[in-house]
Amino acid sequence: MTERMDWNRLAEAALAGDAISPEEARAVLAAPEDELLPLLAAAARVRRAHFGTTVKLNFLLNVKSGLCPEDCHYCSQSAVSTAGIARHPILPLPDILAAADRAVRVKAARFCVVASGRGPSDREVDALAESVRAVRAAHPDLEVCACLGLLKDHQAERLREAGVFAYNHNLNTSERFYGEICTTHTFQDRVATIERAKAVGLSPCAGALFGMGEGPEDVIALAYRLRDLGIDSIPINFLIPIPGTPLAGRLALGPRECLKILCLFRLLNPATEIRIAGGREVQLGWLQPLGLYVANSIFVGDYLTTKGQSPQADFAMIRDLGFSILGDGGADPAAPPAWAARGLGEGDAGRVTTRPNA
C-alpha cells in the first residue's frame, strides 16, 4: 500500500465492533517505523475504552513438568527436546496451595495451573480438582485457569464443577503453518478442546506464539480465527529459543515487530483480554512498557521453564506508566512528580527540568 493508513479510522472500526479488513491487517504489520507511535496510540484508544488503565496480573504454576510425548518444536518439555529442565508428575495439594498463596501475595488476579503432556488422565483431573477446591476455599476471589492439554469427554465438566474458571489451550499459529511446528496432533485437535471447554461454561483462553518462522499471513489468519472463536483471553507469547529445542537457532523478531503484532490483535479483538506472556522480557526488551498501552494483562513471576523479571520490576513498570493493578484498589498509582515531592509548585517545574543536575 502506498497511501498512509489512517490508524484512528481502524480504532474507530474496532470501537464500533467491526473487524478491520485483511488489507488493513497487513498494513498494521507492515507499518513504517515513523508510523509506529501513531499506530500504538490508535490501539491504545481501544484498550483504554475497554480496560481503562488497569493491568491484570496472572501467576503461572508448572504443575507437571516434562514427561510429554508430543513433538512441539518450540517446547523444552517436548519429546524432541534435550533441554535440561525439571521433570515431575502432578504436584501435591500443599505445593499447589502454597503457589496460590504466592500468587495472591504478588497481586495476581488469575492463577494458571499448567501441566505438560498430550492431555490429562482422569486420575490427574481428579487430583487437580481436589487442589482447585482447596485453592478456591482459601482464595475465593482468585480466578483459576487450567491448561492441561487436549481434553476428553466429561473432563471439562469436572474441572468447571471443581471451581476452574477458565481453560487455556493455545492455537499458537495458523492452521496452514501448524504442521511445521508439531506433527503429533493437529490444529483442529486444539480447536476441538477450546470448543469443548467453552461448551461447558469455562471461559475460553487461547493464544499465540510468534517468532517460529511464520509469515505475516499466518499472524493475520490466527488473529481472525481467535476472533471468530469468541475467545475471552488471548496470551501472546514470543519465542524464547531455548537450547535443546528444534527452534533453538531462531532469530528474535525484534521489539517493534512484536508491538505491531500486539496492535493487530487489539484492533481485531477489541474487548478481549490480551496478555503479553512468555518472551516479553526477551523479545520486547526495553520497549516492553509500550506493550501495556495495547495489552491489558501480563504474567507476573516466572514462566514454565524460563525465568521472568521480578514482580517488583513489574509493579514499577505499571506504576511508572500511570496504570494500576486490577483488583489492587489503586495501591500502585503513578508516583508524584519529583518537584511535588520537594514542595515545588507546577510553576517551578521548568526550573527543575532545565537544570536537572543543579
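**Whole chain.** Color by secondary structure: the protein chain has 14 helices and 10 strands. The model is predicted. Of the 358 residues in the protein chain, 53% are buried. Show the surface next. The accessible area comes to about 15500 Å², and carbon and sulfur atoms account for 54% of that area. Now think about contacts between residues at least 6 apart in sequence: 74% of them join residues at least 24 apart.

**The largest core.** Select Phe111, Leu264 and Phe265. These residues have the most contacts inside the largest nonpolar core, which has 102 residues. Which helix gives the most to this core? Select residues 255-268: helix H9 does, with nine residues. Apart from that core lies another one, of eight residues. Leu60, Val114, Cys145 and Phe299 are among its members. As background, nonpolar side chains in soluble globular proteins tend to be buried together.

**Phe111.** Stay on Phe111 and show its surroundings. Leaving out residues up to four places away in sequence, Phe111 touches Phe59, Leu61, Ile96, Ala99, Ala100, Ala103, Val135, Leu142, Glu143, Val144 and Cys145. Ile96, Ala99, Ala100 and Ala103 in that list lead to the next stop, as they are the buried residues of H4.

**Helix H4.** Select residues 93-105. Where do the buried residues of H4 sit around the axis? Ile96, Ala99, Ala100 and Ala103 are the ones to show. They cover an arc of only 105° around the axis, so they lie on the same side of H4. Against what do they pack? Show strand E1 (54-64), strand E2 (110-115) and helix H5 (122-138): the buried residues of H4 pack against these. Turn to the face away from the buried side, and you meet the exposed residues Pro94 and Arg105. Check the length of the helix too. The 13 residues of H4 should span 18 Å at 1.5 Å a residue, and the end C-alpha atoms are 19 Å apart, which agrees. Step past the end of the helix to Lys107: just after H4, this residue takes a positive phi of about 70°.

**Lys56 in strand E1.** Move to strand E1 and pick Lys56, which has its place there. Is Lys56 buried or exposed? Its relative accessibility is 7%, so Lys56 counts as buried. Show what is around it. Setting aside residues up to four places away in sequence, Lys56 touches Ala109, Arg110, Glu143, Glu273, Asn296, Ser297, Ile298 and Leu326. Glu143 also touches Phe111. Draw a distance from Lys56 to Ile274: the two are 218 residues apart along the chain, yet their C-alpha atoms are separated by 9.7 Å.

**Helix H3.** Select residues 36-51. Helix H3 has 16 residues and reaches 22 Å from its first C-alpha to its last, close to the 22 Å expected at 1.5 Å a residue. Its buried residues are Leu36, Leu39, Leu40, Ala42, Ala43, Ala44, Val46, Arg47 and Phe51. Note the arginine in that list, Arg47. Which elements do the buried residues of H3 pack against? Show H1, helix H2 (22-29), E1, H9, strand E8 (273-276) and helix H11 (288-291). Two of these elements were named at earlier stops: E1 holds Lys56, and H9 gives the most to the largest core. After H3 comes Gly52, with a positive phi near 60°.

**Arg4.** Go to the segment before helix H1 (7-15) and select Arg4. At 53% relative accessibility, Arg4 counts as exposed. Leaving aside neighbours within four places in sequence, Arg4 is in contact with Pro32, Asp34 and Glu35. Show the side chains here. That of Arg4 makes a polar contact with the side chain of Asp34 at 3.2 Å, and another with the side chain of Glu35 at 3.5 Å. For the backbone, draw a line to Ala27: 23 residues apart in sequence, Arg4 and Ala27 are 9.2 Å apart, C-alpha to C-alpha.

**Two loop residues.** End with two positive phi values outside glycine. Select His154, in the loop between strand E3 (143-147) and helix H6 (155-162). Its phi is near 75°. His154 is exposed, with a relative accessible area of 55%. Then select Asn172, in the loop between strand E4 (166-168) and helix H7 (187-199). Its phi is also positive, about 75°. Asn172 counts as buried, at 4% relative accessibility.

Methods
Residues are numbered from 1 along each chain as its sequence is written. This is a predicted model: local features need pLDDT of at least 70, side-chain atom pairs count only at pLDDT 80 or more; totals for chains, interfaces and linings use all residues. Side-chain values use heavy atoms; hydrogens and water are left out. Helices (H or I, at least four residues) and strands (E, at least two) are DSSP runs, numbered from the N terminus. Buried means under 20% relative accessible area, exposed over 50%, partly exposed in between (1.4 Å probe, protein chains only). Contact means heavy atoms within 4.5 Å. A polar contact is a pair of N or O atoms within 3.5 Å; within protein, one must be able to donate a hydrogen and the other to accept it, and residues adjacent in sequence count only if both atoms are side-chain atoms. The expected span of a helix is 1.5 Å times one less than its number of residues. The arc is that of the directions from the helix axis to the C-beta atoms. Accessible areas come from the Shrake-Rupley method with a 1.4 Å probe; for residues, only the protein chains shown count as cover. A nonpolar core is a set of buried Ala, Val, Leu, Ile, Met, Phe, Trp, Tyr and Cys residues joined through side-chain atoms within 4.5 Å.
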